[in-house]
Amino acid sequence: MPFSARTSTSLGRHRKKPGAGKWSERLFLFTIIAILAGAVPARAHVGSPDIYADGKAGPYRLFVTVRPPLVIPGVAEIEVRAEDTGTDAPAISGIQIAPIPLTGPASLHPPVADPMKQSAQDKHFFTGALWIMASGSWQVRFTVQGSQGAGVLSIPVPATSSSTRGMQTGLGVLLGSLGLLLVAGVIGIVGAAARDAQLPPGAVASRQATKRAWIAMGGALVFMIAAVWFGNVWWKGEADNYARYVYKPLTMQALLEQSPNAGPSLKLKIEDPGWLKSRKIDDLVLDHDHLMHLYFIRKPGMDVVYHLHPEQIAPGEFQLALPSIPAGTYSLYADVVHATGFPETLVAQLTLPVIAGRPLTGDDAKGLAQALNPARVDGNSCPASLITRSSFPLPDGYTMVWDNPGILPAKTPQIFGFSLLDVKGKPASDTALYMGMLGHAAFVKDDGTVFAHVHPSGTVSMAALMMAAAQNRTGASKADEMASMPGMAMPAASNAPTKLPNTVGLPYGFPAAGAYRIFVQMKHGNTIETAAFDACAAASRN
Amino acid sequence: MATTWNTSNLVPDDTGSKSANSIPWYLWCSVLAVTSVSIGAHWDVSWHRSIGRDTFWTPAHIAIYACGVLAAISCGYLVLFTTFRKPASMVASSVEIFGFRAPLGAFIASWGGIAMLTSAPFDNWWHNAYGLDVKIVSPPHTLLMLGVFAVSVGTLIMLLGSMNRAEQAGNAMLARHLQWMLLYIGGLMVVFQMFFRMEYTWDVYLHGASAYEAIAIGMPTLFAVLWQSSRSRWACTWATLIYTVFLEAAVLILPLFPAEPKLGPVFQQVTHFIPPKFPILLIVPAIAMDLLWNSTRTWKPWLTALASGPVFVLSLVAVEWPFADFLMTKAAANRFFGTTYFGYPEPPTSFDVLRRFVDPQHGATLWNGLALAMLFAFLSTWLGIALGRWMRAIQR
Ligand SMILES: [Cu+2]
C-alpha cells in the first residue's frame, strides 16, 4: 500500500504531453483513465448491486455470485456453485478467476488468474476474491478444469464506488489522540533542540537558552496549527474528490404529451448529472432487441405493470406512443446499456390520468394483479403469510406457477423456477421465446428501493454478456455461444423447430430483507403472459 | 512504578551498553529500523510493478512498518529507561521534554515511529472509505513518509550525539565506529531521498533539466549536513557509495525471485520481481563536493554554497548525460545495468520500453533549466551547511 501507485509511472508516460508535470498522482490518474478508456462507471439495477449469473464454461454449468466492493478500488467477493452434480455429471477439479476490463485494449491483456478455493465440505462450492482497481465495465473470467477438459465463462461486472464511509468513533478517538501526541511531540522536540541539545553532558540550560526554547516552541505551535489546518483542508478536498466518484445514475425526466392529432405519448429526457466525463448518453446499444426496456409499475400496490420499449428519437431523448393505461402514480424503471457493456437503470415518477391509447403491439406486455397489501409488511420483516399463492391465473386461462416458493434470507443466491401451464393445467406445449429468452422477470421491493431485471442467465445485461462471451470464442460459432446461455435456446443447426420447455429458471438473490413482488413474463404462441408473485426475504445470514 | 524505581536513583552507568567502548543495542536497533524501511520501500515498488496487487501483510509492507516498530521499541525503551531509572551518565546526556528524558534523537525517532504506526490504521481506514491507493500523496501516506524521515533523522542525531560525546571523552575508537554507522545511515538517507525522486529521475528523463532540478533540490542539503556533522573528509563519497551499492544490489537481487502480475492490463510478460533503475551516478558530484569542501573550510558558508551549486550540477550532468545515452543502447541491456526490466503495465509504446528519452532538451531551454538547478543547489547547500554546523555541536 504505502508506495504502490508509483509503479504506474511508466504506463502514463507514453500518453503524457511533453513538459507536463510528473506528479505521481497525475500519472496515476492517467492509469485510471487508461483503464476507463471508453468505460462508463455505473451500476445496473436499482438497489441490487450483487450479480447472480448462470452460465456454462464449456461442459460445466456454474451458478456465479459476484458481490462488487462498496468503494473502488476494492475487493469483489465471488462464489461459484457447480450445478450439475449428478453421478455422470462432469466433475470440476478447479476454477481460476481473473478480473479484466470488458471492452477496450486493456481487455486483451488479462493478468494471471487466481485459483478459487474449493470448499472442503461441499466439493461443488468455490469461493474467491478479486481486486477491482478502477470504476467501470469489468468482467470476471472463470476458467474451469475438470473431467471433460477446460471451459471458460465470463461474467460482466459493472463496478462503481457506491458510497464513502465515515469513521468509527473508537478509531476516531484513537487517531485523534495519537495526532495530538504527535503535535505536542513536535513542539517538545523543537523546544528541547533549542534548549538542551548542544549542552555538554551534565550542564544546565542557561536562562537565555530557556527563553530561546520558549520562542522556538511558540513558533512550532504556530507552524503545527497551520499544518493541521492545511491537513484538514487537504483531507476535505480529497474526500470531496472521492465523493464525485460515487456513482450517480443518469437522470430521467418523464413527460406526458397530449397532441390533438396524434395519441398520447411519453417523452423521456435523459441527462448526465455531471459525473465522470467518460460517461456518454449517445452510446446506447441494443439489449435483447431494444435500446430501452421500460417498466411502468403502479404505486403503491404494484397492481399494474407494463413492459414497454420506447424509441430513441435523439441522443438522450426517447419517445413512446402510450397504450391504454389506468390512472395512477407510476414508478418508471428504464434499463439501458452503454457501448462499453455498462448497464444503467434510470428511474422516474409519473402521475397519469386514464390514458386511452393504442393497443399493445410487438414485445409490449402488461399485467394486472391484486395490490400488495402493505398492512402485511412490517418494516424489513414480513410474515410467511405474505406468500398467499404460488400460482397465478392468467387472463387467457393459462396459469403460471412459482415452483420453489419460500422465505429466503437476503443475499442468498437461488434459481427461482416458474412454469407455464395451459388451460387444462398441463405443461404448456406452445411455449415461445420472448425477446430471445424463455422468461424475463422484474424483482421489485415493496418500497420501490429495489428493482432488478433478471433473465435466465442472471442479473447481468444480455448485451454485456454477449460482449464478454465473444472474447472467449475459440472457433465455436455464435449460435453455439447463444445456445450455451441458459434460456436462450436456439433452433438447432438444421433449423428444425425444437420444442421449448415450459419452465424457466431465474438466478437471483434479494439484496435486503423485506417484501418483494416478482413480475414474471413468459410467452406462448403469440401471447405474452405477465404474472405477479409475492415474496419475502428474511434478514441476511451474515 | 516510577517511585519504586526512584529508590535506585544512582544507577552507575548506561546499562544499554556493556561498556563505554561498545555501541549500545538501541543504536543498532535504530540503524536496523532505517535499513528495514529502505529495503521495504524498494521491495514494495517492485511488488507493485511485478505483481500489482497486495494485501496489508506483504513482506514489503512488514519491512516498512517494522521500521516504526523497531524505532518505537528502541527509542521508547530509551525514553522510559532514562526517565524512570535515571542512570547518571544517560541523564547527563539527555534532553527533557514534558518531564521525559532521553537523547534528542531518541525523541525524534520515537516521534517517527509513532507517526508510522499511526499511519497504519489511518491508511487502512482511508482505503476502506475512499478506495485503495487511488493516490500515493494522500494524508496517511504523507504521515508515513514523515515518520520514516523522522526515524532516520532521529537515528542520525542519536549517532551524532554519541559520537560527539565519545570524541569529547577521548574515546577515538568508539567515535570512529559511530562515524561509520553515521555514514551508513547517511547512505540510507541518500537512498531514501533518491527513492522520492524516482519518478523524476527515471532514465528516460535524464536528457531534460527537470531530473537535475529534482536532484538539486535537497540532495546538496543532505550532502552538506553529512559532511559538516560527520567530521569525515569523504562523507559524501561514502554515503553515495552506499547508495550506489544498495541500488545495484537491488538491480541484481530482485530479479532472482519469481513474480507474476495479478492485475490487468498486462502489457509486459513478467516472471520475476522487476528491480529499480540503475543508480544515478551521484558518486561523481559527491566526490566533487568532498574535494571542494575540504579546500574551502575557511570560506564563508554562502560563498562555499555559491561555488557548490554549479560544481554539483555540472559534475552530475557531465557524467549522467552521456551515461543516459549509454543506458538507451543495446550495450546496457543486461542484468548489470538492468534496462531490460519493465513493469507489467508498461505498454510497448511507452518511452521506457522503446528506450527513448522523454522530451529531450537542448540549447537555451536546457541551460535555463540547469541554471535553475544550480540556483537550487546553491540554496540547498547553504541550508545544509547551516543545519550541519548546528548538528555538529549536538551533544545530547
Ligand atoms: Cu428482459
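This short talk describes selected helices and loops in chains A and B of a predicted model.

Good morning. I shall begin with chain B and its helices, and then turn to chain A.

Consider helix 5 of chain B, which runs from residue 104 to residue 130. How far apart should the ends of this helix be? At 1.5 Å a residue, its 27 residues should span 39 Å, and the end C-alpha atoms are 37 Å apart, which agrees. The helix nevertheless has a bend of about 25°, located at B:Ala120. A proline, B:Pro121, follows within four residues of that position. As for its surroundings, 22 of the 27 residues of helix 5 of chain B are buried, so the rest of the structure largely encloses this helix.

Helix 7 of chain B, residues 172–196, may be examined in the same manner. It contains 25 residues, and the distance from its first C-alpha to its last is 36 Å, close to the 36 Å expected at 1.5 Å a residue. Of these 25 residues, 18 are buried, so helix 7 of chain B is likewise largely enclosed by the rest of the structure.

I now come to the packing of helices against one another. Helix 14 of chain B, residues 363–392, meets helix 12 of chain B, residues 301–327. Their axes come within 7 Å and cross at roughly 130°. Why is this pair called oblique? Angles over 145 degrees would count as roughly antiparallel and those from 65 to 115 as roughly perpendicular, so a crossing at roughly 130° belongs to neither class, and helix 12 of chain B is therefore oblique to helix 14 of chain B. The crossing is right-handed. Which kinds of residue form this contact? They divide into 19 nonpolar, 4 polar and 1 charged.

Helix 14 of chain B also packs with helix 9 of chain B, residues 219–230. Here the axes come within 7 Å and the crossing angle is roughly 30°. Helix 9 and helix 14 of chain B are therefore roughly parallel to each other. This crossing, too, is right-handed.

Let us turn to chain A, where helix 3, residues 169–195, packs with helix 4, residues 207–245. The angle between them is about 150°, and their axes are 8 Å apart. Helix 3 and helix 4 of chain A are therefore roughly antiparallel to each other. Helix 3 of chain A passes helix 4 of chain A in a right-handed crossing.

Finally, I should like to discuss some loops of chain A. As background, most residues other than glycine have a negative phi, and most peptide bonds are trans. In the loop between strand 12 and strand 13 of chain A we find A:His288. Although A:His288 is not a glycine, its phi is positive, at about 25°. Is A:His288 buried or exposed? Its relative accessibility is 10%, so A:His288 counts as buried. A:Asp289 is placed in the loop between strand 12 and strand 13 as well, and its phi is near 80°, again a positive value in a residue other than glycine.

Strand 13 of chain A is followed in our account by the loop between strand 13 and strand 14, where A:Pro300 is placed. The peptide bond joining A:Lys299 and A:Pro300 is cis, with omega about -5°.

The last residue is A:Pro326, in the loop between strand 16 and strand 17 of chain A. With 29% relative accessibility, A:Pro326 counts as partly exposed. Its C-alpha atom is separated by 6.4 Å from that of A:Ile355, and the two residues are 29 residues apart along the chain. Thank you for your attention.

Technical notes
Residues numbered from 1 in each chain as written. Chains lettered and ligands numbered in written order. Predicted model: local features only at pLDDT ≥ 70, side-chain atom pairs only at ≥ 80, totals over all residues. Heavy atoms only, no water. Helix = DSSP H or I, 4+ residues; strand = E, 2+ residues; numbered from the N terminus. Expected span 1.5 Å × (residues − 1). Buried < 20%, exposed > 50% of the residue type's maximum accessible area, 1.4 Å probe, protein only. Axes fitted to C-alpha atoms, helices over the stretch in contact; angles between N-to-C directions. Parallel < 35°, antiparallel > 145°, perpendicular 65-115°, else oblique. Left-handed = near helix turned anticlockwise from the far one by under 90°. Nonpolar A, V, L, I, M, F, W, Y, C, P; charged D, E, K, R; others polar. Bend = angle between axes of the 7 residues up to and from the residue.
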